[in-house]
Amino acid sequence: MKFTGTKNYVATDDLMLAVNAAATLKRPLLVKGEPGTGKTMLAEEVAESLNMPLLQWHIKSTTKAQQGLYEYDAVSRLRDSQLSALDGGERVKNIHNYIVKGVLWQAFPSDQPVALLIDEIDKADIEFPNDLLREIDRMEFYVYETRELIRAKHRPLVFITSNNEKELPDAFLRRCFFHYIKFPDADTMRAIVGVHFPGLKKELLGAALKNFYEVRNLPGLKKKPSTSELLDWLKLLVAEDIPLEALQSKDEKVAVPPLVGALLKNEQDVSLFEKLVFMQRHNR
């Protein structure tokens, strides 16, 4: 089965090629790109397209690799053992009652192939990727508490996303197929907008995209607006019935677009943009 995109997700040819290459090589697909370029949504859409269940593991700064395998709740077992007189201690005798299965354990025994998303792996400790090397490579792990080996019946289709907050270890990178999602050009962005706003007038879309890329390409921005912020802005323009004229500058100079707070998310960037507009208007 090949991924060819979906009606809800505009995938470029090189992105579809990367997904299918990772599946052929049976290696995790490591996806990098700016926030808002659809890294997380990619796994969701591929899973839907290929009719595969999707398991998601959203990484935080406190996440440990062991949590993806399983966690043994020794504290609860100790507490229950102290209260065992109430039920004869039957629950305490079965150690499986105190083991919480992580996403890898859920994925490995599945009778059908599943898609597995490890989202924003770079948020975790620097040792986190190394701690998963063996499990992702061999598709098995050992549960010491129950003395059992958990092996994958089918190798999951693994998606790993990163925002480049930390460098990932070379040993980990060698086991992945890598793809960087470039920020969409104007034509690709038109296709993306068409999915979400199929009835949007071409003139309004053209003017909105011109404003968007002018804001985005401003040098010195602390946070460039992303695709998701463009979609939010367009939703507001439509909801507030903003006229086309409000998006067009008579003298072709950059102007502050309406509802710019949907695009620029901090005071430094807003101030920088306003200064640029002021300087252009006064020919400085």
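Begin with the aromatic pairs of this predicted model, of which there are eight when rings of Phe, Tyr and Trp are paired by the distance between their centres.

Select F108 and F141 together, and you will find an aromatic pair in a tilted arrangement, with 5.9 Å from centre to centre and 45° between the planes. The two rings come from distant parts of the chain, 33 residues apart, since F108 lies in the loop between α6 (103-107) and β5 (115-119) while F141 belongs to strand β6 (residues 140-143). Are these two rings buried or exposed? F108 has a relative accessibility of 0% and so counts as buried, and F141, with a relative accessible area of 3%, is buried because the cut-off is under 20%.

Next, select F183 and F212, which form a stacked aromatic pair with 6.2 Å from centre to centre and 25° between the planes. This pair, too, links distant parts of the chain, 29 residues apart: F183 is in the loop between β9 (177-181) and α10 (186-196), and F212 is in helix α11 (residues 202-216). F183 counts as buried at 17% relative accessibility, and F212 counts as buried at 0%.

Keep F183 on the screen and add R216 to the selection, so that you can look at what lies over the ring. The charged end of R216 sits over the ring of F183, 3.4 Å from its centre.

Finally, return to F108 and F141 and add Y70 and W105, because ring pairs, defined by centres within 6.5 Å, link these four residues into a cluster.

Definitions and conventions
Residues are numbered from 1 along each chain as its sequence is written. This is a predicted model: local features need pLDDT of at least 70, side-chain atom pairs count only at pLDDT 80 or more; totals for chains, interfaces and linings use all residues. Side-chain values use heavy atoms; hydrogens and water are left out. Rings of Phe, Tyr and Trp (its six-membered ring) pair if their centres lie within 6.5 Å; planes under 30 degrees apart count as stacked, over 60 as edge-to-face and the rest as tilted. Helices (H or I, at least four residues) and strands (E, at least two) are DSSP runs, numbered from the N terminus. Buried means under 20% relative accessible area, exposed over 50%, partly exposed in between (1.4 Å probe, protein chains only). A charge sits over a ring if NZ of Lys or CZ of Arg is within 6 Å of the ring centre and within 35 degrees of the ring normal.
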